[in-house]
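The exercises that follow are meant to be worked with the sequence and the model side by side. Each one gives a task and then a solution in steps.

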Amino acid sequence: MTFSVHSKPEYLQAYQATEADWNDWSWQLRKSFKSEEDFKKVFTLSNQEQNAFRQTQDIFNIRSTPYYAALAGKSPHDPIRKILMPHENELKDLQPSQLDPLGEKKLSNNPVERVIHRYSDRALFLVTDICSVYCRYCTRKHFTGADQAFIKQDQYEKAIDYFKKATGLREVILSGGDPLTLSDTHLDRVLTDLRKIEHIEIIRIGTRMPVVAPMRVTDNLVKIIRKAKPVFMMTHFNHPREVTHEASVSLEKLVDHGIPVMNQMVLLNGVNNHPAIVQALSRRLLYLRVKPYYMFQCDPSPGTDYLRTSIDDSLQIQRELWGHLSGLAMPTLSVDIPHGGGKTYYTPQFEISADAQSRKYVGWDGVQSEYFNPAPEQIIKPIDVEDYLPEWEALKSAKLI
Ligand code: SF4
């Protein structure tokens with residue numbers, strides 16, 4: 001089941017636009033709503049929202065494609081509206097310590113500009129700071145939306161040079177900003193240059209474009225991405241209402257062209273923090289062959305307290321989902337430890353006791369049982385392990401440079 005873009009006719013009229021305009025992603029970017037006046041063309045703003053526009057615009061950019069704004073409902077409490085519309089509560093918790101919740105600005109994690117390298121085998125490449133929607137909960141408010149756009153030529157060359165020298169790297173994740181706001185020419189150049197580096201096996205593209213401007217997934221785009229395979233698309237759907245007919249067409253186009261798609265959602269207070277909503281999103285995505293991958297705890301970036309759930313709430317959601325969603329449909333609950341501590345994962349606790357011989361459990365539906373360990377002397381190594389040890393040792397000893 002997909003949802004419709006219910007306010008589309010209203011929007012076409014407000015902009016005197018045609019269907020062809022609407023289905024052109026560059027039109028969606030050009031006509032983005034950026035100001036109170038833009039939003040007022042199609043929204044009746046509450047007093048709170050009007051105040052928020054005036055007070056928050058210097059704190060974090062405001063932007064939405066007409067397509068994404070057309071998904072929002074009339075109530076100020078509408079989930080999509082909460083994602084895209086500024087709120088007075090953003091002014092309440094602006095501690096500087098929250099400006100960089102993942103420690104990405106730490107010098108030790110920034111070997112060259114626009115590259116974040118915290119794990120030996122993978123690095124982030126911030127190819128642009130532009131997004132077509134500025135989500136109010138964004139983790140990277142310290143970087144996104146400053147209108148620096150595509151990385152400058154000298155920064156780009158230094159970044160590619162760094163990736164060549166960092167021979168322990170296996171994955172590069174294009175992020176930002178949203179890499180799919182780049183032109184086809186820019187994106188093709190980045191993917192082609194990375195693919196020429198032999199030790200980089202996997203490229204990931206983190207993007208919200210299939211959610212906020214699905215018409216971006218054109219035939220030419222999938223051709224460019226496919227050429228650089230293996231490339232994984234990491235989408236960012238947060239709510240089942242984002243899975244529209246248009247979004248579904250874009251996802252199926254990616255998958256039909258052999259591009260694996262995984263989804264990373266963020267649990268958000270009053271938006272999707274209920275198991276009924278998470279299951280609806282996960283099942284709709286899985287049906288479209290998109291793997292629900294992560295269910296992230298919202299990072300404490302400035303002005304996001306009102307949108308964050310507590311870890312206890314998130315654990316409760318996960319616990320209720322367990323047993324009702326298959327492993328394929330179940331996203332992993334993950335928390336980024338603040339200040340650069342890296343990711344940690346949660347699973348519900350089913351073990352009730354453990355000793356050397358066995359472990360006892362109570363399953364999700366109350367079944368109690370015991371797992372007996374084999375005798376320690378029976379544990380042997382696989383006969384062909386030597387074939388894989390050099391590769392394993394190289395991965396373990398790969399250093400950040
Ligand atoms: S698309 Fe991603 S990077 Fe851009 S504002 Fe939203 S969460 Fe932040």
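**Exercise 1. A hairpin and its turn**

Which residue takes a positive phi in the hairpin of β11 and β12, and how many residues are between the strands? Describe also how the two strands pair and how far β12 is covered.

Solution. The model is a predicted one, which should be kept in mind for every value below. Begin with the turn: 5 residues lie between β11 and β12, and G366 has a positive phi near 95°. Next, follow the pairing, in which β11 (residues 358-362) and β12 run antiparallel and are joined by 5 bridges. In this ladder V362 of β11 faces Q368 of β12. Finally, ask about burial: β12 (residues 368-372) has 5 residues, and the number of buried ones is 0, so that the strand is hardly covered.

**Exercise 2. The buried side of a helix**

Find the buried residues of α14, work out why they share a side of the helix, and list elements that cover them.

Solution. Helix α14 spans residues 311-321, and its buried residues are S314, I317, Q318 and L321. Because these residues cover an arc of only 95° around the axis, they are on the same side of α14. Turning to what lies over them, the cover includes the strands β6 (261-267), β7 (291-297), β8 (332-337) and β9 (342-346), together with the helix α13 (275-287). Just after α14 comes G323, whose phi is positive at about 90°.

**Exercise 3. Two loop residues compared by burial**

For Y306 and for A166, decide whether the residue is buried, partly exposed or exposed, and name the contacts that each makes beyond its sequence neighbours.

Solution. Take Y306 first, which sits in the loop between β7 and α14. The cut-offs needed here are 20 or more other C-beta atoms within 10 Å for a buried residue and 12 or fewer for an exposed one. Y306 is partly exposed because it has 17 C-beta neighbours inside 10 Å. When neighbours within four places in sequence are left aside, Y306 is in contact with H87, N89 and N269. Its C-alpha atom is also 13 Å from that of P79, although 227 residues separate Y306 and P79 along the chain.

Now take A166, placed in the loop between α8 (153-165) and β3 (171-175). A166 is buried because 22 other C-beta atoms lie within 10 Å. Not counting residues up to four places away in sequence, A166 touches H117, A123 and I401. For A166 and A123, which are 43 residues apart along the chain, the C-alpha atoms are separated by 9.8 Å.

**Exercise 4. Positive phi outside glycine**

Where are Q16 and R114 placed, and is each of them buried or exposed?

Solution. Q16 is a residue other than glycine with a positive phi, near 50°, and its place is in the loop between α1 (8-15) and α2 (19-22). With 7 other C-beta atoms within 10 Å, Q16 is exposed. R114 is likewise not a glycine, and its phi is positive at about 75°; R114 lies in the loop between α7 (79-84) and β1 (115-119). R114, however, has 23 other C-beta atoms within 10 Å and is therefore buried. The strand β1 pairs with β2 (residues 122-126) in the antiparallel sense over 3 bridges, among them one in which V115 is the partner of F125 in β2. A hairpin with 2 residues connects β1 to β2.

**Exercise 5. The ligand shell and the cis peptides**

What classes of residue make up the shell around the ligand, and which peptide bonds at G177 and P230 are cis?

Solution. The residues around the ligand are C131, V133, Y134, C135, C138, R140, T144, G176, G177, D178 and R208. Sorted by class, this shell has 5 nonpolar, 3 polar and 3 charged residues. The peptide bond from G176 to G177 is cis, with omega near 15°, and G177 lies in the loop between β3 and α9 (184-195). A cis peptide bond also joins K229 and P230, with omega about 0°, and P230 is placed in the loop between α11 (219-227) and β5 (231-235).

Key: Residues are numbered from 1 along each chain as its sequence is written. This is a predicted model: local features need pLDDT of at least 70, side-chain atom pairs count only at pLDDT 80 or more; totals for chains, interfaces and linings use all residues. A residue is near a molecule or strand if its C-beta atom, placed from the backbone, lies within 6 Å of it. Ala, Val, Leu, Ile, Met, Phe, Trp, Tyr, Cys and Pro count as nonpolar, Asp, Glu, Lys and Arg as charged, and the others, Gly among them, as polar. Helices (H or I, at least four residues) and strands (E, at least two) are DSSP runs, numbered from the N terminus. The arc is that of the directions from the helix axis to the C-beta atoms. Two residues are in contact if their C-beta atoms, placed from the backbone, lie within 7 Å. Two strands pair if DSSP finds at least two bridges between them.
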